[in-house]
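Here are a few exercises to work through with the model open beside you. Try each task before you read its solution.

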Amino acid sequence: MGLSTSLNTAISGLNATQVGIGVVSQNVANAGTTGYVRRAVSNADSLSGLTVGVQSTQVQRLLDKIVQHQLWQEASGAAYTSTRASALSSLDKLYGAPGSATALDTIFSKFTGALQSLQNDPSSYSLRSQVIDNATQLARQLNTLSNGVQALRAQAENGIATAVTKVNDLLGALTKVNTQIVGSPNDSATAGLKDQRDLILSELSQYVDIKTMEDARGSVSVVTGSGTQLFDGRPSVTFSFDEHSGLGPDDAWDSDPAKRGVGTITMTNASGGTSDAIVNRVFRSGEIAANIELRDKTLVQAQAQLDEIAAQMSKALSDREIQGTAVTAGAASGFDVDLTGLQSGNTVTLDYKVTPGGQTQRFTFVRVESAASLPLPASAGGDANNRVIGIDFSGGPASVATQIQAAVGGGFTVSNAGSTLRIVDDGAAGTRDVIGLTARPTNMAPSAAGGAPELPFFVDGSGGGPFTGSYEGGSQTTGFAARITINPLLVGDRSLLAVYNTSPATAQGDATRPKLMLDRLTQSQRSFTNAVGLDGNTATSNTTIANFVQRVVSSQGQAVEAAQRLDEGQQVALGSIQSRFQQTAQVNVDQEMSMLIELQTAYAANARIISTVKEMMDVLMRV
Amino acid sequence: MTITAYGTGAYRAAKPNEFVSTRAQFDDLQRQLDTKQRSTSYGDLGIDRRVSLDLNAKVAQIDSWLGGIELSNVNLKLQTASVENFTKLTNETRNDTRSNSYVPSASGRSSPQVLAEEKFKQTLDLLNIAANGRYLFSGKTSDTQPTLGFDEIINGDGAGKAGLKQMIDERRQADLGAGLLGRLTAGGAGTTATVAEEVPAQPYGFKIAGISGSSAALATTFNPGPPADVSVNVASQPAVGDQVRLKLDLPDGTQEEIVLTARATGTTGSDTDSFEIGVDPNATAANLRNSISAALGKQAKTTLSAASSQVAAQDFFAGSLNNPPKRVPGPPFDTATLPPSNAGAAATTVIWYRGDDGPDPARGTTTVQVDQGQTVGTGARASEEAFRVGLAQFAIMAVENFPAGDPNSQTRYEAMTSRVSEKLGFGGSTQKPAEIITEFGSAQSALASAKERHQSTKDYLTTALAGVENVTTEEVATQILALQTQLQASYQVTSMLSKLSLTNYL
């Protein structure tokens with residue numbers, strides 16, 4: 001091995017060291033750049049002829065691929081939980097601070113408190129005004145909450161629109177970067193492109209949950225968590241979203257475009273075929289999935305709960321309870337009840353026992369005006385012990401009896417005499433006992449000759465239409481919280497809070513009506529359909545309205561807390577993955593500096609070798 | 001809405017993020033220190049939110065009970081004071097009407113009568129008391145003043161509706177009858193003297209309850225009827241001092257006995273209480289007949305007149321909007337045979353009580369709910385029996401007139417005062433003012449005990465609520481201090497670490 005060989009080796013060492021210093025300087029310079037991954041140079045021995053040298057083969061990005069994939073997944077999870085937590089937290093704020101004057105339960109308590117005072121002195125103008133004021137405030141609060149819920153839904157709708165646009169943009173950008181990577185050699189410039197690609201993918205992962213795969217050429221393919229291919233060298237699908245503005249409570253998502261009141265995400269594949277991404281459940285995590293869930297489920301439930309409060313409160317005050325009169329027909333016994341005055345949406349309940357030893361069960365018949373309104377929507381509720389059945393009243397009383405007979409089946413005999421309905425059990429056979437038959441017609445007039453103490457205290461909308469809970473052309477209950485107002489007749493004539501009968505005229509100081517109102521709101525057990533529980537509770541429950549209000553606020557708070565806890569947990573998971581990722585990918589300036597010193601020393605050593613070789617050559621020349 | 005950056009490059013933000021979240025905790029603690037509230041929403045309150053909701057509802061409920069109690073207490077005190085004053089007034093009049101107190105006067109009205117008029121007016125004022133725009137003695141119609149004014153009650157409205165004065169007058173005519181003997185006829189021939197009720201039987205005037213003679217010379221017969229009649233047969237000449245006793249029932253439920261004593265021939269005496277023994281039984285019987293007519297005539301003008309006033313006043317004050325007072329059918333009244341009725345009376349008679357007159361007890365017309373299951377009745381009606389009796393007696397005193405020249409004045413005055421005095425004693429089953437006061441008193445004590453109970457429950461609940469919703473200054477201060485120390489240490493270490501770089505040593 002000659003001197004020249006040593007010289008060559010030293011020179012290639014100098015070259016390699018220079019590349020190394022270049023990378024170190026790049027690392028140090030980009031220490032603060034977003035998406036920058038630390039690089040290192042790998043050197044190898046090279047043998048050309050008899051010369052052994054050092055060759056800088058490639059610049060490597062130092063990162064853990066597995067951790068990077070986990071990071072993207074956690075990122076979409078975190079986007080999902082934080083979107084939910086933030087939306088629910090704003091909803092929570094709408095319900096007011098605990099115990100404050102704006103809290104829903106406080107406003108409700110104030111209303112019942114005002115009724116309590118009124119029953120002590122029903123003729124007092126100021127107490128009557130207090131009831132009207134507090135009821136107005138309660139109705140307004142329900143309106144406000146309902147509007148707030150719908151605003152949050154609109155925000156979610158808008159969030160989906162923005163996210164869909166962004167996803168399309170990101171997929172477009174990814175196409176360019178991916179093409180460049182495939183066409184470039186594996187050098188430090190390619191590493192930069194890959195940084196950029198990963199940056200795009202990480203942003204994409206916030207909107208959609210993604211999995212990626214990289215082939216030998218460096219080209220990536222992206223699939224969603226649900227298995228839909230998003231990208232394979234170029235976008236496999238493009239998304240579009242028909243954003244609707246001004247969402248109302250009755251605007252719901254439906255797979256049928258004709259029934260849909262909100263936007264849906266359409267996927268168009270390369271061959272131009274389209275499909276509905278929401279129907280196919282393409283989005284399972286990430287911001288888009290969170291917004292879809294908020295818009296179509298969580299906030300719809302929140303609205304349904306408010307509607308239930310409004311509807312139950314309104315019906316509790318307006319619906320009379322007409323108990324059937326006991327009758328016997330031979331061995332069979334049962335009840336007669338007059339169905340006059342039953343409005344669309346009003347109910348007739350049949351309580352019975354399966355004998356021997358069965359528990360009390362109930363049929364609830366709901367008046368509808370045409371067969372088109374049947375069957376009742378799921379929100380009508382009901383369960384195994386309380387079957388809710390719509391009855392078309394358009395065919396007259398005989399047809400009503402026939403429909404009821406068909407609904408209750410054997411063991412009962414249903415008949416009618418004019419508008420009076422009779423249901424008796426099977427007498428001697430003794431398999432059924434009819435316990436009660438009750439009609440619940442809405443009292444439409446606040447005061448009339450021979451009037452009842454129930455009154456239409458709340459009405460539907462500022463027009464003053466009655467609220468009967470009808471199912472004609474959709475449930476009247478849907479969005480009632482947004483429309484509930486106090487009956488303008490009461491605002492105009494406050495004496496109606498006491499006077500329910502014009503002949504014989506009720507005394508102004510008669511506490512019957514205020515007492516009934518208070519009892520109905522705070523004491524009477526009512527059946528809540530509760531198909532809508534934010535806490536997942538779907539069973540029908542019997543409780544007072546006052547308790548239901550508390551339960552709604554409480555389950556709301558609980559849902560918010562759960563969402564926040566989930567978000568906190570997700571942030572912790574994300575944080576730990578981030579720190580694991582950092583361990584390999586982060587630029588550590590100290591490390592770079594020590595590397596620099598090492599390279600410097602190596603450079604000096606190589607230079608020394610060259611100078612030594614030169615001295616030896618000089619000595620040789622002098623000889 | 002902000003989404004924290006989660007990208008691969010976001011790790012650079014990790015440390016500052018920690019600082020930001022610690023800072024946010026710091027701000028929240030500061031808010032807690034300012035407001036003393038643990039959280040601003042039910043979501044942040046944690047598992048205690050159910051307790052907070054429940055306690056808040058309970059406190060609101062108790063507050064409304066306490067409010068009701070407070071208001072009712074004022075009303076009850078005013079009501080009690082009114083009834084106490086009323087009692088005082090009735091006691092005074094009762095003292096004024098002791099027997100043998102008649103003093104003739106030029107105006108025909110004694111001073112107790114003048115005072116009674118003032119007391120009547122005062123009682124009306126007491127019953128018309130209002131608090132917070134609410135009439136306390138008006139039952140359920142607490143927006144209606146319960147009574148009319150004095151003048152309208154006594155003299156009528158001057159537009160076709162009769163007042164008390166007219167009703168008394170009509171009743172008096174009906175009781176007196178056309179023959180001025182209290183709807184009786186006295187007659188007889190030969191040795192008999194007869195007294196008979198008018199035929200057909202009617203409810204006015206005297207009703208014969210019985211007759212007796214003190215000796216066999218004065219044989220009596222009694223046909224109870226109705227219509228009843230009696231006769232005395234002077235079978236032989238009676239001895240001096242023999243008596244005929246005729247018992248008469250008056251419309252107001254009292255009974256009078258006419259005692260006619262035989263006096264010796266040639267003596268003089270009042271025909272109203274004695275008869276002269278004549279030359280033979282026929283003459284004696286003629287004298288007896290005279291005497292009976294005179295005695296009946298006097299009773300009809302005195303005791304019967306007082307009884308008529310009582311009955312008329314009682315009927316008048318029993319009237320209410322749904323049950324107008326009963327009136328004697330007429331005119332003519334002196335020959336009326338049908339019993340008093342209230343048919344059509346609403347249009348022709350002043351109804352003094354304008355409030356509600358339902359069948360429920362007066363206390364139940366206004367109730368205060370003091371607890372979940374406890375309601376206390378605090379209502380009252382001006383038409384309660386005690387007030388009606390008092391008002392009727394004051395009114396009778398006020399409207400009667402006793403001219404000094406009338407020989408019957410004293411007897412009539414005594415007949416009136418004895419009845420007034422007896423009625424104002426609220427004897428027997430009559431409702432006494434003291435009963436009303438007692439009922440108000442027990443209502444007040446029920447309110448007081450409920451108030452005390454609620455107050456202590458509320459104190460406890462408020463404390464419990466504070467434990468859930470509020471924070472103590474010490475607790476927050478400690479947390480702030482801990483957080484401050486932690487944050488400071490964290491800042492310092494971060495700053496030290498950032499200075500500690502190899503770059504400095506190259």
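**Exercise 1: A hairpin and its sheet**

Task: Work out what joins S4(A) to S5(A), and which residue in the turn has a positive phi.

Solution, step by step. S4(A) and S5(A) make a hairpin, with 4 residues between them. In that turn, A:Gly227 has a positive phi of about 100°. Keep in mind that this is a predicted model. Next, look at the pairing: S4(A) and S5(A) run antiparallel and are joined by 3 bridges. Across this pair, A:Ser221 sits opposite A:Asp232 in S5(A).

Now go to the other side of the sheet. S3(A) pairs with strand S4 (residues 220-224) of chain A, again in the antiparallel sense, over 5 bridges. Here A:Lys211 faces A:Val223 in S4(A).

Put it together: the order is S3-S4-S5 (chain A), an open sheet of 3 strands with antiparallel pairing. Strand S3 (210-214) and strand S5 (229-232) of chain A each have a single partner strand, so these edge strands each have one side left without a neighbour in the sheet. From one strand to the next, the twist averages 15°.

**Exercise 2: Two helices, end to end**

Task: For helix H5 of chain B, compare the span expected at 1.5 Å a residue with the distance between its end C-alpha atoms. Then do the like for helix H3 of chain A.

Solution, step by step. H5(B) covers residues 164-176, which is 13 residues, and should span 18 Å; its end C-alpha atoms are 18 Å apart, so the two agree. Right after H5(B) comes B:Gly177, with a positive phi near 80°.

How buried is H5(B)? For 10 of its 13 residues the answer is buried, so the helix is largely enclosed by the rest of the structure. Among those buried residues are B:Leu164, B:Met167, B:Ile168 and B:Leu176, but also B:Glu170, B:Arg171, B:Arg172 and B:Asp175. The cover over the buried residues of H5(B) includes helix H4 (150-155), helix H6 (281-301), helix H7 (303-317) and helix H9 (385-399) of chain B.

On to H3(A), residues 104-120: its 17 residues reach 25 Å from first C-alpha to last, close to the 24 Å expected. As for cover, 17 of its 17 residues are buried.

**Exercise 3: Globule or spread out?**

Task: Decide whether chain B is spread out or a compact globule.

Solution, step by step. Start with the inventory: chain B has 12 helices and 12 strands. Its radius of gyration is 42 Å, while the globule rule gives 23 Å for 506 residues; 42 Å is well over that, so chain B is more spread out than a compact globule. The box around its C-alpha atoms, along the principal axes, is roughly 170 × 40 × 40 Å.

For one pair of residues, take B:Leu481 and B:Arg412: they are 69 residues apart in sequence, and their C-alpha atoms are 97 Å apart. B:Leu481 belongs to helix H12 (residues 473-499) of chain B. With 11 C-beta neighbours inside 10 Å, B:Leu481 counts as exposed, because the cut-off for that is 12 or fewer.

**Exercise 4: Where the chains touch**

Task: Find which element supplies the largest share of the side of chain B that touches chain A.

Solution, step by step. Count first: 50 residues of chain B contact 61 residues of chain A. The largest share of chain B's side, 14 residues, comes from H2(B). Sorted by class, that side has 14 nonpolar, 26 polar and 10 charged residues.

Technical notes: Residues are numbered from 1 along each chain as its sequence is written. Chains are lettered from A and ligands numbered from 1 in the order in which they are written. This is a predicted model: local features need pLDDT of at least 70, side-chain atom pairs count only at pLDDT 80 or more; totals for chains, interfaces and linings use all residues. Two residues are in contact if their C-beta atoms, placed from the backbone, lie within 7 Å. Ala, Val, Leu, Ile, Met, Phe, Trp, Tyr, Cys and Pro count as nonpolar, Asp, Glu, Lys and Arg as charged, and the others, Gly among them, as polar. Two strands pair if DSSP finds at least two bridges between them. Axes are lines fitted to C-alpha atoms, for helices over the stretch in contact, and angles run from 0 to 180 degrees between N-to-C directions. The expected span of a helix is 1.5 Å times one less than its number of residues. A residue is buried if 20 or more other C-beta atoms lie within 10 Å of its own, exposed if 12 or fewer, and partly exposed in between; C-beta atoms are placed from the backbone. The radius of gyration is taken over C-alpha atoms; the globule rule is 2.2 Å times the number of residues to the power 0.38.
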